[in-house]
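Trainee: I would like to understand how the words used for a structure follow from its values. Could we go through them one at a time?

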Protein chains: 2
Amino acid sequence: VFSERLSDEVRRRGGIPIELSLPWGTAPKASEIREIIEREGDLKAIFMVYNETSTGVTARELPEIGKIAEENNLLLIVDAISILGGDKLPVDEWNIDMCITGSQKCLACPPGLAMVSVSQKAWEKIEKTEKKLMYFDLTRMKEFALKKETPFTPALPIFWALNEALKIIREEGLEKRIERHRRCAQAFYDAVEAYGLTVFPREKEIRSNTVIAINIPENVEDGKVRQIMREKYKVLIAGGMGKLKGKIFRVGCMGIISPAEVFITVNALGNALKEVGYDLSVEKGLEAAKKHFES
Amino acid sequence: VFSERLSDEVRRRGGIPIELSLPWGTAPKASEIREIIEREGDLKAIFMVYNETSTGVTARELPEIGKIAEENNLLLIVDAISILGGDKLPVDEWNIDMCITGSQKCLACPPGLAMVSVSQKAWEKIEKTEKKLMYFDLTRMKEFALKKETPFTPALPIFWALNEALKIIREEGLEKRIERHRRCAQAFYDAVEAYGLTVFPREKEIRSNTVIAINIPENVEDGKVRQIMREKYKVLIAGGMGKLKGKIFRVGCMGIISPAEVFITVNALGNALKEVGYDLSVEKGLEAAKKHFES
């Protein structure tokens, strides 16, 4: 869904996107990007989603794609909305020219802010570009930022909340935070498989540590399970988007995620599935999750 | 400043603005708008600022301009940022097709949201327009709003605050709220004149009830006065913007403004001016303000 949105945005801004269309639940490979570059002549930038929130897939070959962008003098523009702060993302080391995220996902701040990092290479391009946008004019934002101001009145309460959220991240330490996300995600994946369910992205390597996408078993009704979880267990999980509507569950594994949330969610999901007639052992799911928190 | 910004935005979006350039501190007259329409042929919309925050001027002929827009089948698009909720603004009665405001002014909510009303006539125009923007695509916002959703994750905490702010407005009553703003503004204007100062907009009729712009007397240093007010009296007022920098003080008279804030500000301004050597009687200023709250 979000990769398509990037492509749509390129088109709206007058660009011609060359799409790498992949089956949902798979990730772009560096070799596929290389092929497109070799086939097409005049390219300007690679746009990609690092973590596809709609499918629970992380594009693990992003560092290699960064190298390809560098070698071919292309800008690399990355949507990292649902992953920044929850998984590895050294933007300079990986040659990411623009990296975009939101306040409300792995940074664990209320919604309302988008953030973007801009490389020197991207600034040079931006400064040469004809300015058409007023609200999203980055050069103007930069000018004001140098004076510690903003061009328009911003959502100040969210700025304060973000400041606090960033302090919390610094206190925890980024490495520890990433490891906590990874461990909680692995606990979810093992629990889900102990229930006899399958994970939506088949390849283990590309399974996201921040969004867990699970195939809904046959004869199980999406809405009913989520309603039981919500009403009886006060646990909110998401359904599928677009063509995955009714086909997958999506569990957020980000921000303040801890063993407690994992157990509560695994328990709620197991019991709700049992209630709609799906045969499983809740204990087995909880046991599988627990193993990840024992060391 | 903000009228110029409207013109700039028309140009950025591919339009050709015909500007009605007026001396700062004056308001557009209906007759001047009519002249432009008669002189120019193919016009599409009238853009105007109802309350110019940078000069403390309210365009009191807005209702007449609305009639002209209606007669000439032009859209009327109004920036009402610093006035909506603090002065009269019946958008339908005045034929205003799009009226834009922000959460942080007279609605007395934290900053972070912009709101826009859209008339049936404007919707028809919008729906026929080629869609280029993603973030500001109103038809998309409308589609989602009908499902009680938003196309993108919004600044939810500010939505809740706005909901509360609107409840407070309903409790007070809009008419009473407007009268409260008017009375506080008149108290400010009289106090300022009792200090021997002059109001920036010369015509009484166009003086804003939400932003009070005062000429800084000769030999008085803008920054020094505001610093004393801020540090000694904990009262924050603004300076001039653009070419009025250093020439005017601007006092916000909006939102939760009440006699208490008027007296505190009049007192702080009077004492700060005395401290920098300007001769005045603080008592006279306070007396002049008080008269407005006696009935």
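Mentor: Let us begin with how the copies meet: this is a predicted model, and 100% of the interface residues of chain A are also interface residues in chain B, so the copies meet through the same surface.

Trainee: What makes the relation between chain A and chain B that of a two-fold axis?

Mentor: A rotation of 180° superposes chain A on chain B, with 0.0 Å of shift along the axis and an RMSD of 0.0 Å. That is the relation of a two-fold axis.

Trainee: Which helices and strands does chain A have, in number, and how do you know whether chain A is as compact as a globular protein of its length?

Mentor: Chain A has ten helices and nine strands. Its radius of gyration is 21 Å, and the globule rule gives 19 Å for 295 residues; the two values are close, so chain A is as compact as a globular protein of that length. Along the principal axes, the C-alpha atoms of chain A fill a box of roughly 60 × 45 × 35 Å.

Trainee: How many of the residues of chain A count as buried, as a percentage, and what value must a residue have to be called buried?

Mentor: Of the 295 residues in chain A, 46% count as buried, and the word buried is used for a relative accessible area under 20%. As for the area that chain A exposes, it is about 15600 Å², of which carbon and sulfur atoms supply 52%.

Trainee: Why is R177(A) called buried?

Mentor: The relative accessibility of R177(A) is 3%, and buried means under 20%, so R177(A) counts as buried. R177(A) is placed in helix α7, residues 174-194 of chain A, and, leaving out residues up to four places away in sequence, it touches G85(A), C106(A), L107(A), A108(A), I169(A), E172(A) and G255(A).

Trainee: E175(A) is also placed in helix α7 of chain A, so how do you know whether E175(A) is buried or exposed?

Mentor: The relative accessible area of E175(A) is 61%, and exposed means over 50%, so E175(A) is called exposed. Along the chain, E175(A) and G86(A) are 89 residues apart, while their C-alpha atoms are separated by 9.3 Å.

Trainee: A108(A) was one of the residues that R177(A) touches; what makes A108(A) count as partly exposed?

Mentor: A108(A) has a relative accessibility of 37%, and partly exposed is the name for values between the limits of 20% and 50%, so the name fits A108(A). A108(A) has its place in the loop between β5 and β6 (114-118) of chain A, and its phi is near 60°, a positive value in a residue other than glycine.

Trainee: Where is N95(A) found, and why is N95(A) called partly exposed?

Mentor: N95(A) is found in the loop between β4 (75-79) and β5 (98-102) of chain A. Its relative accessibility of 23% lies between the limits of 20% and 50%, so N95(A) counts as partly exposed. The phi of N95(A) is near 60°, a positive value in a residue other than glycine.

Trainee: What is the term for the exposure of E193(B), and which residues is E193(B) in contact with beyond its neighbours within four places in sequence?

Mentor: E193(B), which lies in helix α7 of chain B, has a relative accessible area of 32%, between 20% and 50%, so it is partly exposed. Leaving those neighbours aside, E193(B) is in contact with V199(B) and R207(B).

Notes
Residues numbered from 1 in each chain as written. Chains lettered and ligands numbered in written order. Predicted model: local features only at pLDDT ≥ 70, side-chain atom pairs only at ≥ 80, totals over all residues. Heavy atoms only, no water. Least-squares fit on C-alpha atoms with pLDDT ≥ 70 in both. Contact = heavy atoms within 4.5 Å. Helix = DSSP H or I, 4+ residues; strand = E, 2+ residues; numbered from the N terminus. Rg over C-alpha atoms; globule rule 2.2 N^0.38 Å. Buried < 20%, exposed > 50% of the residue type's maximum accessible area, 1.4 Å probe, protein only. Areas by Shrake-Rupley, 256 points an atom, 1.4 Å probe, with all protein chains shown as cover.
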